[in-house]
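Please open the structure in the viewer and keep the selection panel at hand. The tour proceeds from one selection to the next.

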Amino acid sequence: MLQRLACLLLIVCVFFSCKDEDPTPTVDAAITQLDVIDELIEQAEDKNKSKEEKKKLLREVDSLVSKLPDDSNKILKHRKLGIIYYYLEDYVNFKAISDRALDLSISIGDSLGIAKSYLNLGIYYRNFRNYTIAYKNFYQAEKICSLINKNNDVCFTHGNILVNLAQIKRRAKDYSKSETYTIAAIKQFHLSGNKEYIPLCYSNLGSVAKYLGRYDEAIAYHKKAMEFDGSSEKKQRILISLNNIGVTYKSQQKYDQAKEAFHKALSYKDFLKKDRRRYALLTDNLAYAKFLSNDLENIPELFYEALRVRDSIQNKTGLSTNNLHLAEYYQSIGDFKRAKSFAVTARKLAKEIGNNEELLKSYQILSKVSNPKEGLQYAEAYIQLNDSLVKEERLFRDKIARIQFETEEKEQQIVEKEAQIVQKEQQIATVQNQNTIYLLGILLLLMGISFAIYFFRQRTKYLAQQNQMVQFQASYETETRISKRLHDELGNDIFQVMLQYQNDPHDSKILERLNATYAKARDISRENNEFDVDESFSEELSDMLKNYTKNGIQLLVRGLDKINWQGFEAPVKITVYRVLQELMTNMQKHSQAGRVVLVFTQDNNTLHIKYTDNGVGIDKTQLQSKNGLHNTEKRIRAIDGTLIFESEKEKGFKANISIPN
């Protein structure tokens, strides 16, 4: 083994002496270093080595482990080191390594490592009877373990934590909670597949049942612990259970059953030759059961046999109990001198090991076997210690309850804080979503407005172009009509006058024809001349309409003077003027009407004009072919108005005009 270790160390030395400037070790190097550590740990666990040799190896391991990267491997090696130190009873190094493992586990976020480190620290404080701090560490470990996703390792660790909590709760006489923790521990051990500590759980349940006076149930639990095959050291577990069964029967004053259990345990002679501590315990308990049952055979020899063994192995806890039993025996037979001697020794040992229950019992015996003066002092010491223990017991329970309350309160605060953070994040997310929605809404609105503006501009441009086209076409048609009239009417008349003048320059009808031609030219000019579209528009329009009444036509106009012409723009007025002019011209030329009615109204910013005559009318099929009427429609549409014709042959002519402002 030493040769193999030397080879491994040589590989490590060669590697580190030959490495380049890169400080990061390679995978092979890390594995090699772990192998060296495992080899050293294996040597430290060798039972043939002395305690000092083992500690020397552990110091070497500790030095190598400290150089490992901060990861789960390093935590695992720390834990193995700690366990060996614990079994070597080097509790100082056990705690130091547990503290380092805790810090490392926290730094890398290893929840199971944190729980195991708290468990080890709890065990450390438990061994020094600092049960309050031990409980605090166990409780923190349990809270962490309960939140970790379960696997075999987690379940086993959780079970170990729970059974430690159960034992402290039993010590605090919170038997109900101790039972609850123990049952939960059994469940976790079953889930883990490792049943090593299940017998310990049943032993604790048996002890709790005994304290509660449920003796039959207690014995059943101890027997169940003894039957369980999960323990790696079954004989030791059987002996523990037989001793517990004997103690339970003794508490019931069933001394024969108690002696039977102790005798059965003592029959494991080969095993007990190696475990002298347990041999002394069973021998002392057998002697005490015999003493209580007045079976004084081999009494006090059995007490002295146990005392001798305990003294040889310096078992102070056992020696304290043994001295009390001997004091009690000698008190019972009236040998107060020896009783006092053993009681004083028991008192001294109880103080050294901090066993207040046995110290209390020693005061009780001393108060009875001492002289009256000393007896009174011991009695007062008994009362004072008893009161102190009652107060201490209550304080211990209160401390544990406060630890549990403060831990749960802290957890609740953490949960509430996390909930507040989540709620705040949700609020922020909601506000962000709302802002996003608002922003999208604003963007959509702006896009809509932009599109509307663009559409409106394009439509306005289109309508303007359409208006220009309509106006251009209307102007073109007007010019064409004027040109046609000038050619057909005035041109023919002038040509006839010229022929007449050539034939007879002195013909008296020439002047008459010239006057008629002039009148026609004036009418054509009047139909197309400019007019005022400002304040006098109403008068201009009225005058234009009256010009068509010279041939005996009756014209009725209503509401013209009530229209607010100032509210209409110039293009609208011009269109109204020209359209009505076209209708009146059409009436004069074609309808043969004797009466014309024009009604002007205005509502909701819309101008309504109704034209009616009693002429010969026109067939609907002919309306499409009338260029003049078609021209009026175009003019009205150009200003977003509507023009509807109604006419039948021999039934007059109607036109309804609507123009929005």
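Two residues are in contact when heavy atoms of theirs lie within 4.5 Å. This criterion serves the first stop, and the model on display is a predicted one.

**First selection: Ser241.** Select Ser241, which is placed in helix 12. Is Ser241 buried or exposed? Its relative accessible area is 0%, and because buried means under 20%, Ser241 is classed as buried. Next, display the surroundings of Ser241, leaving out neighbours within four places in sequence: the contacts are then Ser203, His222, Ala225 and Met226.

**Second selection: helices 10 and 12.** Select residues 198–211 for helix 10 and residues 234–251 for helix 12. How do the two axes run relative to each other? They come within 11 Å and cross at roughly 5 degrees. Angles under 35 degrees count as roughly parallel, and therefore helix 10 and helix 12 are described as roughly parallel to each other. To view the contacts between them, show Pro199, Leu200, Ser203 and Lys210 on the helix 10 side. On the helix 12 side, show Arg237, Ser241, Asn244, Val247, Thr248 and Ser251. Ser241, the residue of the opening stop, is thus among the helix 12 residues that meet helix 10.

**Third selection: helix 20.** Move now to helix 20, residues 372–503. Select Leu376, which lies in this helix. Leu376 has 52% relative accessibility and, because the exposed class begins over 50%, Leu376 counts as exposed. Add Leu366 to the selection and query the C-alpha to C-alpha distance: Leu376 and Leu366 are 9.5 Å apart in space and ten residues apart in sequence.

**Fourth selection: a nonpolar patch.** Remain in helix 20 and select Leu445. Leu445 has a relative accessible area of 54% and is exposed. Then extend the selection to Ile437, Tyr438, Leu439, Leu440, Ile442, Leu443, Leu446, Ile449 and Ile453, which together with Leu445 make a nonpolar surface patch. What is the area of this patch? The patch covers about 960 Å².

**Last selection: the whole protein.** Finally, display everything. The protein has 25 helices and five strands. Of its 661 residues, 41% are buried. The protein exposes about 38,300 Å², with 51% of that area supplied by carbon and sulfur atoms. A contact map may be viewed alongside: among contacts between residues at least 6 apart in sequence, 60% join residues at least 24 apart.

Methods: Residues numbered from 1 in each chain as written. Predicted model: local features only at pLDDT ≥ 70, side-chain atom pairs only at ≥ 80, totals over all residues. Heavy atoms only, no water. Patch = residues over 30% accessible without salt bridge, like charges linked within 9 Å, V, L, I, M, F, W, Y side chains within 5 Å. Areas by Shrake-Rupley, 256 points an atom, 1.4 Å probe, with all protein chains shown as cover. Salt bridge = Lys/Arg side-chain N within 4 Å of Asp/Glu carboxyl O. Helix = DSSP H or I, 4+ residues; strand = E, 2+ residues; numbered from the N terminus. Buried < 20%, exposed > 50% of the residue type's maximum accessible area, 1.4 Å probe, protein only. Axes fitted to C-alpha atoms, helices over the stretch in contact; angles between N-to-C directions. Parallel < 35°, antiparallel > 145°, perpendicular 65-115°, else oblique.
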